[in-house]
Amino acid sequence: MSDNRNTAPIKNTAAAAIASGSITAVIGAAFLMATSTIGPGFLNNTVVFTKQYMGAMFILIVICVGLDVVIHQNVWRPICYTGKRGQDVANDLCPGLGYFFIALIGIVGFIANIGNVGGVALALQMLVDINPKIATLIGGGVSLSIFLSNDIKAAMDKLTIFLGALMIMLCLYVAITSAPPISKIPADFANTQFSDMLMPIIAIVGGSAGAYLSLAGPHRLIDAGVTGPENNNLVVKSAILGCGVGAIMRILLFLAAFGVLSKAGVMYDTANPAASVFKSGAGSVGYIFFGVVLFAAATTSVVGCSFTCVSLLKSLHRVFTEQEKYCIIIWIVLSTLLMTFAGRPAKVLVISGVVNGLILPAVLAIMLLVSRSKRLMGKDYRHPFYLTILGWLVVVATGYAAVRAIPSLLKLF
């Protein structure tokens, strides 16, 4: 087996990274991961669960953020240390496993991308009253334009950082104007059975760290050359930053929803929960804000999903490496056309979110086995023991929930 780990002398410190410009890629990878998770499903699920659990939702979010950190650290570290993408280290672990890895995540990613393109279309319909099919075609075109740039990696980094910051600022505005009763959080949590919160926790974690979502960041870092033992600290910080950005967005969205839903006589639309919260919290301006947030969330999700899924295919044929831009364009075009003719983006988003959570245990288990393999990682690598223990606990918990969720998934078709 060939070993393409980065064996260059340890010289690329944080200072050197900043000087060389790779720090932009480090931040870009963090935002790519975070904004990939902050999609249309993220927005609606946060509001729906807040409606159900009210103040207790904050504790649920804290738990989920902790699980996200465990999952991403267990995935990012071995991938970036070896300098090999997830499917390649899976193949090294067990010949043929990487191809199963590609098929599993690729199919789920494609379904998710169809739903994300639909999310862009929904946002456009909110902002401008146009035909759904036309909105879908425009939505795909907007996402496509990012990859028409001569330097798609730089354009992708700038877009995700800008739109990520925009979403945070808009949610912060609604969170402040809604005046959430933070003092009620302990009482709401005390009155909630923790066992009742298990499935929402799994659903949220699956939507923030499942399948391709945990691979977006490290695969971006590999493309930027931020690999090997000399960059391990940068990789750890990038993963934590990505989890932090997602956590900030989730908390701000919760605060906005909690503040609005705590008031009497609030209009809550079950067909579009997040939009109704923004409108109730900040009037017509809030509704427009949500349209912008949804547009940003869906667009960045299309970008992150398309980039990551095509990066998986690079192990199959060199054309996916040499013609990456055009492969991504074809991926988005196919997703857009299927969404245009299939319609029902909300249902597609639900299906992709559930399936994403179903395969999370398999992806995480493979990475945990890789991280403990001296043959793959080298004799000098030391994976934190606490991350291994916590990682296997997450595998067991999410695996159990995945089995329980299969009957519900079948009903969606």
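**Helix α5.** I began with helix α5 and listed its buried residues, which are Gly86, Gln87, Val89, Ala90, Asn91 and Asp92. Helix α5 runs over residues 86-93 and is mostly covered, since 6 of its 8 residues are buried. I note here that I am working with a predicted model, and I keep that in mind for every entry below.

**The whole chain.** I then stepped back to the protein chain, whose secondary structure comes to 18 helices and 0 strands. The chain has 413 residues, and 56% of them count as buried. I also looked up the contacts with a separation of 6 or more, and found that residues 24 or more positions apart account for 83% of these contacts in the protein chain.

**Salt bridges.** My search of the whole structure gave 5 salt bridges. Which residue forms a salt bridge with Arg85? The partner is Asp223, and the closest N and O atoms of the two are 2.6 Å apart. This pair links distant parts of the chain, because Arg85 sits in the loop between α4 and α5 while Asp223 belongs to helix α11 (residues 216-223), and 138 residues separate them. I checked how covered each partner is: Arg85 is buried, with a relative accessible area of 14%, whereas Asp223 counts as partly exposed at 26% relative accessibility.

Asp223 also forms a salt bridge with Lys314, and there the closest N and O atoms are 3.5 Å apart. Again distant parts of the chain are linked, with Asp223 in helix α11 and Lys314 in the loop between α13 (273-313) and α14 (319-322), 91 residues apart. Lys314 has a relative accessible area of 12%, so I wrote it down as buried.

Lys314 forms a further salt bridge with Glu324, whose closest N and O atoms are 3.1 Å apart. Glu324 lies in helix α15 (residues 324-342) and Lys314 in the loop between α13 and α14, so this pair ties together parts that are 10 residues apart in sequence. Both Glu324 and Lys314 are buried. Through shared partners, the salt bridges join Arg85, Asp223, Lys314 and Glu324 into one network.

**Arg250.** I turned next to Arg250, which lies in helix α12 (residues 232-261). Which side chain of opposite charge is nearest to Arg250, and how far away is it? It is Asp68, at 5.8 Å, and Arg250 is buried yet has no salt bridge. The reason is the cut-off, because a salt bridge needs a side-chain nitrogen of Lys or Arg within 4 Å of a carboxyl oxygen of Asp or Glu. Not counting residues up to four places away in sequence, Arg250 touches Phe42, Thr46, Ile61, Ile204 and Ser208.

**Cavities.** I found that the structure holds 3 cavities of 30 Å³ or more. The largest cavity has about 130 Å³ of space. It is lined by 15 residues, and those closest to its centre are Asp68, Ser208, Cys243, Gly246 and Ala247. Helices α2 (22-37), α4 (56-82), α10 (198-209) and α12 each supply at least two residues of this lining. Sorted by class, the lining of the largest cavity has 8 nonpolar, 5 polar and 2 charged residues.

**A pocket.** My last entry is on the second largest pocket, in which about 180 Å³ of space lies. Its lining consists of Met267, Tyr268, Asp269, Asn272, Ala275, Ser276, Lys279, Ser280 and Tyr287. By class I noted 4 nonpolar, 3 polar and 2 charged residues in the lining of this pocket.

Key. Residues numbered from 1 in each chain as written. Predicted model: local features only at pLDDT ≥ 70, side-chain atom pairs only at ≥ 80, totals over all residues. Heavy atoms only, no water. Helix = DSSP H or I, 4+ residues; strand = E, 2+ residues; numbered from the N terminus. Buried < 20%, exposed > 50% of the residue type's maximum accessible area, 1.4 Å probe, protein only. Lys, Arg positive; Asp, Glu negative; His and termini not counted. Contact = heavy atoms within 4.5 Å. 1 Å grid on protein atoms, 1.4 Å probe; cavity = no way out; pocket = protein on both sides within 12 Å on 5 of 7 lines; lining within 4 Å. Points joined across faces, edges and corners; volume = space filled by probe spheres on them. Nonpolar A, V, L, I, M, F, W, Y, C, P; charged D, E, K, R; others polar.
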